[in-house]
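Open the model in your viewer and keep the selection panel at hand. The stops below go in order.

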Protein chains: 2
Amino acid sequence: MRKTLTLGLFGFGCVGQGLYHVLEETHGLKATIKKIVVKNKEKQRPLSKNLFTFDKEAVLNDPEIDVVVELIDDANAAFEILKTALKNGKHVVTATKKMIAEHLEEIFYLQQQYDRSVLYEGAVCGSIPILRNLEEYYDNDLLTGIEGIFNGSTNYILTKVFEEKKGYAEALKQAQDLGFAESDPRLDVQAFDPKFKLTIAIAHAFGVFVKPEDIINIGIDKISDLDLKFAREKGYAIKLIARAIRVDGKIYGLVAPQFVEAENPLSNIRLEYNAVQLQGAFADKQLFVGKGAGSYPTGSAVLSDISALTYDYRYEYKKTHQLPRNEFSNDWSIETFVRFTQGEKVSIRDFEKFEAGYAANGQQYMVGQTEFSKLKEWAQNENIGIILAPQATFKAAQPAAVSELLHTV
Amino acid sequence: MRKTLTLGLFGFGCVGQGLYHVLEETHGLKATIKKIVVKNKEKQRPLSKNLFTFDKEAVLNDPEIDVVVELIDDANAAFEILKTALKNGKHVVTATKKMIAEHLEEIFYLQQQYDRSVLYEGAVCGSIPILRNLEEYYDNDLLTGIEGIFNGSTNYILTKVFEEKKGYAEALKQAQDLGFAESDPRLDVQAFDPKFKLTIAIAHAFGVFVKPEDIINIGIDKISDLDLKFAREKGYAIKLIARAIRVDGKIYGLVAPQFVEAENPLSNIRLEYNAVQLQGAFADKQLFVGKGAGSYPTGSAVLSDISALTYDYRYEYKKTHQLPRNEFSNDWSIETFVRFTQGEKVSIRDFEKFEAGYAANGQQYMVGQTEFSKLKEWAQNENIGIILAPQATFKAAQPAAVSELLHTV
């Protein structure tokens, strides 16, 4: 039998308001918002004043509230709310990816300790039900990889930049105005946001808890006009790709921009859409596409979590129990275009396998199989740009193809 | 706690063999095949003789067998197996779409009567977990439509015909050799197979049990060279689209070929891939892409059902309980290209709203909003071809766009 739920909401921004309206329109679900905790006492709000409170205890200590829905921006505060809510016997639904990614293993144990559920489908790729699918459907398929476009605002920016030849700043501003971008744009353009999501996805895909700081993230903020020109000439798109694969019990993960050929389904993912591609040994490639950002898509994912709580759903983290355990590692290499100003200390010897080089107008490209440790080092350098090659698959490079590719830069 | 399952298998064709190998490679799942019932006594089989039997009672009456996995071609025999298995206290996993589609309401009641589960994810779009998603994830979103490419072999044929300018017969032969096509090709090319899948999807999407014969299916067998030429000139693909939408509590469903513009994500679905697009009020469009046919993709879906039975999963058919109940109807119209030989009795008055006409070399096109009843009538006539317009959305037509479209036929 389905339960009737009483909700306490933290935050009434873009997603919170989306959720409120989705809930209003959804008559099949028996869940009502009793209180909304907000911070700003001055702000005008579109709903009755009685619904709002500035006191978090009014929700956390209310025994009538079964579920705390946490949708605030501040990861530290969000984690405190989550812990107190669980301790007080409440389930938690959250979409704060940074907090979840940073504390996932602890959240995993807290759920067992307090016998309560924490659900966070809205935190990973908005409306795409990827966590639930990884949990429920791909548990026995031999999943070998997960990759995709995990960040709506950078994809929006890259789409605009390519299709409308817009400048960066303008496209970013537009993404923010439309509510796709995080309030701190560095989270998006420097690829922290998709990294947090990848961290969470890895736990459900491969049963490994990784610290976000252990995953290398390379943003789109260093993409140059030369990169764009090169991509256009080749008919490539540039996409910010989050990816994790499993090879012999090791999980390798990385978020980085990549040249993407027209035949790659990810090249067709436009604007704020997200996409997740799963590679299984038998089901072969599965692609999920949906809106990854915005109030309604995320609100709708949060709603699905609330709905799942009406029948006591919990993530099982099944793969954490499977033996032998997988282990995260950065001891790997990938085929990469490295662009740098002449004078930077990038040399052929820096590549595990050097494939081709090209220089013009004070700019230089080198292409080759590159170790993650090198990528991490270069990512710190303002004058070095990194874009993965279209063939980058974490596997051996295909030198012929790449040389040919460089031929017409 | 997860159960250990003992399986009895009916059929050892393409999917059965795929399942066998998937199961061999999947160590996390505790399920073993005890017996396989086959028909042909002469056929050489790649496994130990002891595993096979020609007597269905050896499985149906074996108390050790928990789950009957039914993967045979004969819908009537399959339904008898299903009923006996349930009566004898066994769960059933099946991929026989015709049988499921024709008996779905009865299967729904039989599960309640015998308190056993019948799962059939492998029956709808192979490896795409669409039923489970409709059941688990979209239960509270306001789902308004489902459409997609539900048949791998016709999509393979259409892809080959378009990309390699192959003839029909040749492409069909190739699809059969690769194991994508049904043994009776009419099930595919006359669109019965995708209709069966749509019937099943409608039950899980909208809570309505429809008889397959109530859904109009128009195949790809009457597509002509002129249609192909027209599509090529316009940069369209032709895809066989299964679609159901909800409008004011009525469900309208149809399977028919359609001109598809390059911007439509379904136009990029190639070869034996299937795709399902869901339209929700808040999550907006969700696209699922995966292999829809072949032994491993279907075997992998069947495996997921077996896995789900280890934790007593059942379809809840949640939407059948939601009020007000939806109702299936054919009292609707859709924008259609009708091609016919001059002399056929197709007239402007046959259209709910006539938009444009064109004639050349004894062939004639008329385009307009067309009632389903007319489509059904025309579908019987060998000399009349029917292809839905790119804008066909079950909504009002856009005459301007269509006239412009016809301008350059």
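**At the axis**

Select A:F288: its C-alpha lies 2.4 Å from the rotation axis, the closest approach of any residue of chain A. Now show both chains; turning by 180° with 0.0 Å of shift along the axis places chain A on chain B, with an RMSD of 0.0 Å (a least-squares fit on C-alpha atoms of residues with pLDDT of at least 70 in both copies). This is therefore the relation of a two-fold axis. Both copies use the same surface, since 100% of the contact residues of chain A recur in chain B (contact: C-beta atoms, placed from the backbone, within 7 Å).

The model is predicted; local features need pLDDT of at least 70 and side-chain atom pairs 80 or more, while totals for chains, interfaces and linings use all residues. Residues count from 1 along each chain as its sequence is written, chains are lettered from A and ligands numbered from 1 in the order written.

**Chain A alone**

Hide chain B and colour by secondary structure: chain A has 13 helices and 17 strands (DSSP runs numbered from the N terminus, H or I of at least four residues for helices, E of at least two for strands). Its C-alpha trace spans about 65 × 50 × 35 Å along the principal axes.

**Two helices**

Select residues 14-25 and 295-309 of chain A, helices α1 and α11, which pack at about 65° with axes 7 Å apart (lines fitted to C-alpha atoms over the stretch in contact, angles from 0 to 180 degrees between N-to-C directions). Show side chains at the contact, among them A:L19 and A:V22 of α1(A) and A:Y296 and A:V302 of α11(A).

Conventions. Two residues are in contact if their C-beta atoms, placed from the backbone, lie within 7 Å.
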